[in-house]
Amino acid sequence: MPSVLYEVSEVIVTARPVAGVRAQVPRGRVAQEFRRYLDQVYAAARAGAVSLDGQNIFIYRAATADELTVDFCVGAAAPFAAAGAVLPLETPSGVAAMTTHHGDYGRLGEANAAILAWCRANDRVRAGPSWEVYGHWHADPAQLRTDVYYLLQATGADARP
């Protein structure tokens, strides 16, 4: 069972500036579609419109039965103005459930399933977006790391003075 393979924890996350392109993608097609959107972000960087830190981040903003709204992003190293379809965006902030996936991207669904199971087991309600922060590329899939986050609704314990 996937939840046995993943340690899920509750973390407080702060917004992180990113440069991204928002897209509507058919369910099941993110792996086939992401490159054309990230290519636009990297092209803006080559043109000097944005300074990037090189870390890819996909933010899943909304979903229907057939389609996902995804921000295909790269960490931004400095503020910038929109450059065509490349927008200054931020990752979500607040309390999130988080786990780390090691290995092939094709198995990221297991990390997501582990977080969803953790939410059910801990009576935590998701509060909108989820996102994936990709580590540096390795040809060896065993060396790949992806941190997966789901924003959670605040509880009384989450309220900070």
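A contact here means heavy atoms within 4.5 Å. By that yardstick, 74% of the contacts between residues at least 6 apart in sequence join residues at least 24 apart. The legends below all refer to a predicted model.

**Figure 1. The whole chain, with its 3 helices and 8 strands.** Start at the N terminus and the elements read α-β-β-α-β-β-β-β-α-β-β. The radius of gyration is 16 Å, close to the 15 Å that the globule rule gives for 161 residues, so the chain is as compact as a globular protein of that length. Its C-alpha trace spans about 45 × 40 × 30 Å along the principal axes. As for what is tucked away, buried residues make up 41% of the 161.

**Figure 2. The largest pocket, holding about 1,000 Å³ of space.** The lining counts 36 residues, and those closest to the pocket's centre are Val30, Phe58, Tyr60, Glu132 and Tyr134. Two helices, H2 (30–46) and H3 (108–121), each put at least two residues into the lining, and so do strands E3 (52–63) and E7 (126–134). Sort the lining by residue type and you get 17 nonpolar, 12 polar and 7 charged.

**Figure 3. The salt bridge between Arg124 and Glu10.** Side chains of opposite charge can pair when their charged atoms come close. In this pair, the closest N and O atoms are 2.7 Å apart. The two partners come from distant parts of the chain, 114 residues apart: Arg124 sits in the loop between H3 and E7, while Glu10 belongs to strand E1 (residues 9–13). Arg124 counts as buried because its relative accessibility is 11%, under the 20% cut-off. Glu10, at 36%, counts as partly exposed. The model has 8 salt bridges in total.

**Figure 4. Asp71 and Arg22, a salt bridge between two strands.** The closest N and O atoms of this pair lie 2.5 Å apart. Asp71 is in strand E4 (residues 67–76) and Arg22 in strand E2 (residues 17–26), which puts the partners 49 residues apart along the chain. Asp71 is buried, with a relative accessibility of 0%. Arg22 is partly exposed, since its relative accessible area is 44%, between the 20% and 50% limits. Look for Arg61 in this view too: Arg22, Arg61 and Asp71 are linked in a network of salt bridges.

**Figure 5. Arg145 paired with Asp147.** Here the side chains meet in a salt bridge, at 3.1 Å from N to O. Arg145 is partly exposed at 38% relative accessibility. Asp147 has a relative accessibility of 12% and so counts as buried, the limit being 20%.

**Figure 6. His138, in the loop between E7 and E8.** The strand on the far end of this loop, E8, covers 145–152. His138 has a relative accessible area of 33%, so this residue is partly exposed. Leave out residues up to four places away in sequence, and His138 touches Gln143 and Leu144. Gly103 is another residue to find in this close-up: its C-alpha atom is separated from that of His138 by 9.9 Å, with the two residues 35 apart along the chain.

Note on methods. Residues are numbered from 1 along each chain as its sequence is written. This is a predicted model: local features need pLDDT of at least 70, side-chain atom pairs count only at pLDDT 80 or more; totals for chains, interfaces and linings use all residues. Side-chain values use heavy atoms; hydrogens and water are left out. On a 1 Å grid over the protein atoms alone, a cavity is a set of points where a 1.4 Å probe fits but cannot get out, and a pocket is an open set with protein on both sides within 12 Å along at least five of seven lines; lining residues have an atom within 4 Å of a point. Grid points are joined across faces, edges and corners, and a volume is the space filled by probe spheres set on the points. Helices (H or I, at least four residues) and strands (E, at least two) are DSSP runs, numbered from the N terminus. Ala, Val, Leu, Ile, Met, Phe, Trp, Tyr, Cys and Pro count as nonpolar, Asp, Glu, Lys and Arg as charged, and the others, Gly among them, as polar. A salt bridge is a side-chain nitrogen of Lys or Arg within 4 Å of a carboxyl oxygen of Asp or Glu. Buried means under 20% relative accessible area, exposed over 50%, partly exposed in between (1.4 Å probe, protein chains only). The radius of gyration is taken over C-alpha atoms; the globule rule is 2.2 Å times the number of residues to the power 0.38.
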